[in-house]
Each structure stands twice: as C-alpha cells, then as structure tokens.
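User: Please take a close look at one part of this model, the place where two helices meet, and then carry the description on to the metal site and the sheet.

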Amino acid sequence: METKNNIKSLILTLMLGVIVTGCSRSVADDRPEPADPSQIEVVGELEADLTSPPMVPPPVVKRPAKKLIVNMEVLEKEMEMTDGVKYIYWTFGGSVPGSFIRTRVGDEVEFHLKNHPDNKLPHNIDLHAVTGPGGGATSSFVAPGHETQFSFKVLNEGLYVYHCATAPVGMHIANGMYGLILVEPAGGLPPVDKEYYIMQGDFYTKGEYGKRGLQPFDMNKAIDEKADYVVFNGSVGALTGDKAITANVGETVRLFVGNGGPNLVSSFHVIGEIFDKVHIEGGDLINENVQTTLIPAGGAAIVEFKVDVPGTFILVDHSIFRAFNKGALAMLNVKGEENKVIYSGTEQTGIYEHEGGGAQEMPTSEASEKPEELASSVKEQIEFGKQVYSRTCLACHQANGEGIAEAFPPLAKSDYLNADVNRAIDIVLHGKSGKLVVNGKEYNSVMTKQVLSDDEVANVLTYVYNSWGNSGKVVSPEMVRSARHVN
Ligand SMILES: [Cu+2]
C-alpha cells in the first residue's frame, strides 16, 4: 500500500513537473505583452533591414520587440527626373523616397544618421512615428562628414512619414528628403501576397516640364505651389514599363502609400481596381470598398486589394492633369488567367469619339517659342527623338511602340507607318481621325494634333523609324517644314 502510494505520488509529481516546465516555457514565449507599449520589454538587438522603393523589408510577424539599430545615410546626388532632365536630389539612403523602415510596437529604435562627407548641407530627420521633441529633429542635426545618434521607443502602430526638417524645410522636402516608417502591431499585419512602397512628391524646377538639362530647384514656384512635376517614387516613369510593380491574378496586394509633398495632397486611385481595404491616413481605422483615397502632404495610407483579372492597372493622383501631364502615373502589371465573369474585353469601340470625332487640337503651349537644342547628327536626332517620344507619344503608343489593342495602333513594324513617310509627318502635325488599317487590324479613333516644333517632329519620327524593326528612314526638319506649309 505504502509503496503503491509512493509510486503514485512520484508519478504525479513527475507529471506535474512536465506540465509546469512545459507551461513555463510557453509562458515565456507567448505571455501577453503589456497593453501599454512603453512597458513592452525588448529582447535582444537587431540591425534594421532597410529597402529602397518600391520594395519593403520582410514583415515582423511574431518577432518580439527588440532594440532596432537603424543606419541611415543622407546622400545628395544627381538623378534623372525624366528622360533628358537631371536634378540634384537630397535623399535618405540614396533613393526618393528614402529607405523604408519596418518596426513593431515596443521596439526601441537606436537611430544613426550619417551625413556623407561629399554632401554640401547639414540635415536632420523628423519621424512622425516618434513621440518626442521635433520627432527626433532636434537631436539629429548633422553636418557633412558627421554622424548623430538618438533613440526612441515605438509606441503607436501605423504608417508614418519621415522627412528632413532643416531650414529651409520646404526646400529639403522638395528635393526628395522624405520616406516611410511602418510600425506593425504585435504579431504583425495580416499576411498578404505582395507588398510595395510608393510615395508621391511634387517638384519645382527652373525649366518647365520636360525642359532638358540639369534643372535647379525653383523656390518661387515652390512657394506658389506651382509644381512642374508630380511623381511617384521620385521621377517620371519610376514605376512604369519594365519598372512597373507586379502581381498575379488571385493575389492580395498591399501598398504602403505616402505623400511627401511638400505642397500637394494626393487623390490616390488605381484605374480598374477598388481598394478592398484602406487604413485611412495610415492609422487603425479601416474603410472598405474605396475608389480614391486622400493622402495629405506628410501623411500616408495602407491600401489593400485582391487582383482578379490580368492587365495593366494605372496608379494615379486623380487630380488628373498631374497624372497625364506632370508624371503622377505608375503601373501595376497583373499576369494570369482572364475571368470573363468579372471582365470581358472590348464590347464597343469608339468611346473616345464623344467630342465629335474630328481631330482635336491640344491647347497651345510655348513649345515653339522656347529656344531648343538642335540635333547635329542622325544619332542625336534619334536620341532627342526618344525624349520627345517618352514625353509625348508613349502614353498612347507605349514604350515598345506596340500600342494598345483596339485603341492605339502600333508603331512597331507598322506597315501603315513604313509605307508613307509624308503621311506620317502629316499625322503628327495635324492629327488623325477615322478608319485606318495597321498590320491588318482596323482602328477608328482620334489622335490629337501634336504641338511640336519642326525639329521635334523630325526627331521623334526619326526615332520611331529607327526603332522596333521599322524601315530606318530619316526625317529632316525641312521635310516637316514643307509638310506644314501644304496645309
Ligand atoms: Cu535635409
């Protein structure tokens, strides 16, 4: 009896021991964190993985709060605003927007801000995710060749803008000094298939949109809020063509969208998609089934949607002249099976002919008045022509000259184009409407008259004729001049 009881209690003790140790181990891992984020203890240290746009670092998922070391370097560097236009950008980490920082609630961020020795100006950083004076700006002022360090506890989840706050603040922001910092909740955001980083910004240059050369910042235009460029990710076409973001049919896409300003608010919209969810202003409140979300200057939003059909989806600021005339246009390419239940191709053509079908004129510009750099060789004609093409024709005839089925005829290997050079000149000068057949396919639409100088027309057509398997014809400004005088 005694022994039996002893054995029984021994077994009980052993079992209890197993249960208790088992429990205590899982308690250490899954113990609920204090509700007050300032009380969350950090476990170990981690160097933050920073990414340049449109990529974002991997999700935090279940990692505990840590001491997170952020190493960020300010770089002043020349980059392209659009074909043929250069600009001296001031950047956090070498890109516009700056490197993406991904944290979680409770992290203790140790921020190291370096100012590269080749830079010309002092800078600092104000992170909207920081609770503290100047969002860090008062502690991070740093001269070229120096490094500064400050720490903050991450208290509020959400998507936040960071920017330089060195005087003149507007100028530092206008030159590209902004980016996003994401604070995930404990356990992370719900998983999705694709995540991207997009940020709008407005730019002010001495020369108007497309004016070639290195363009300096224009303070007066910035004060008047008259932007020459409104772009996603720092330049015209940063996310179009080969650089478009991508997804597959059936996937859920999450966009971290910020607006650096300095001046303009963004009416962010994706043509042909509806946002299933929007974290309004980057916070906790989720709105559903949204067409266009307003993103203030110095604000952000997280938008999520499932892509159901293949195609190219155009991301725009729906203040629409900014999209089609100032650069605020990006692309999402979705690949996969069509779904005719959701969307079934062309059912009617000619919908763009609502203005009577006649060739319409583009509003006049000073294009013909401004002095222009003349091409001195065919090679230069092609080079300059490519720039005209990117600014003027690409939106319709596409980067590869293949056009868009049913809407815009191809210029690549176009039998129509190659058959008659004078007719092509005439089309660019005077526009074209009515039926025409290109490579066996009929088009019945309208191309507006293009307001270009004789040299620009000569260059763009020479570029077109010398690209994508076309005949290699050279169009001279004289040919354009005589065609202009016929009409
Ligand atoms: Cu700065």
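Analyst: Contact here means heavy atoms within 4.5 Å. This is a predicted model, in which local features need pLDDT of at least 70 and side-chain atom pairs count only at pLDDT 80 or more, while totals for chains, interfaces and linings use all residues. Residues are numbered from 1 along each chain as its sequence is written, and side-chain values use heavy atoms, with hydrogens and water left out.

Helices α6 (residues 378-392) and α10 (residues 454-465) have axes (lines fitted to C-alpha atoms over the stretch in contact, with angles from 0 to 180 degrees between N-to-C directions) that come within 7 Å and cross at roughly 95°. That makes α6 roughly perpendicular to α10, a label covering 65 to 115 degrees. On the α6 side the contact includes V378, I382, F384, V388 and Y389, and on the α10 side A458, V460, Y463 and V464 are among the partners.

Turning to the metal, the copper ion has as protein donors (N, O and S atoms within 2.8 Å of this metal) H123 through ND1, C164 through SG, H172 through ND1 and M177 through SD, at 2.0 to 2.5 Å. These donor residues follow the sequence spacing H-x40-C-x7-H-x4-M. Both H172 and M177 are buried, that is, under 20% relative accessible area with a 1.4 Å probe, protein chains only.

As for the sheet, four strands (DSSP E runs of at least two residues) form an open, mixed arrangement in the order β4-β9-β8-β6, with β4 (101-104) and β6 (126-127) as the edge strands. Strand β6 runs antiparallel to β8 (residues 158-163) and is joined to β8 by two bridges, and L127 stands opposite Y162 of β8.

Methods: Pairing = 2+ DSSP bridges. Donors = N, O, S within 2.8 Å, 3.2 Å for Na, K, Ca; no water. Buried < 20%, exposed > 50% of the residue type's maximum accessible area, 1.4 Å probe, protein only. Parallel < 35°, antiparallel > 145°, perpendicular 65-115°, else oblique.
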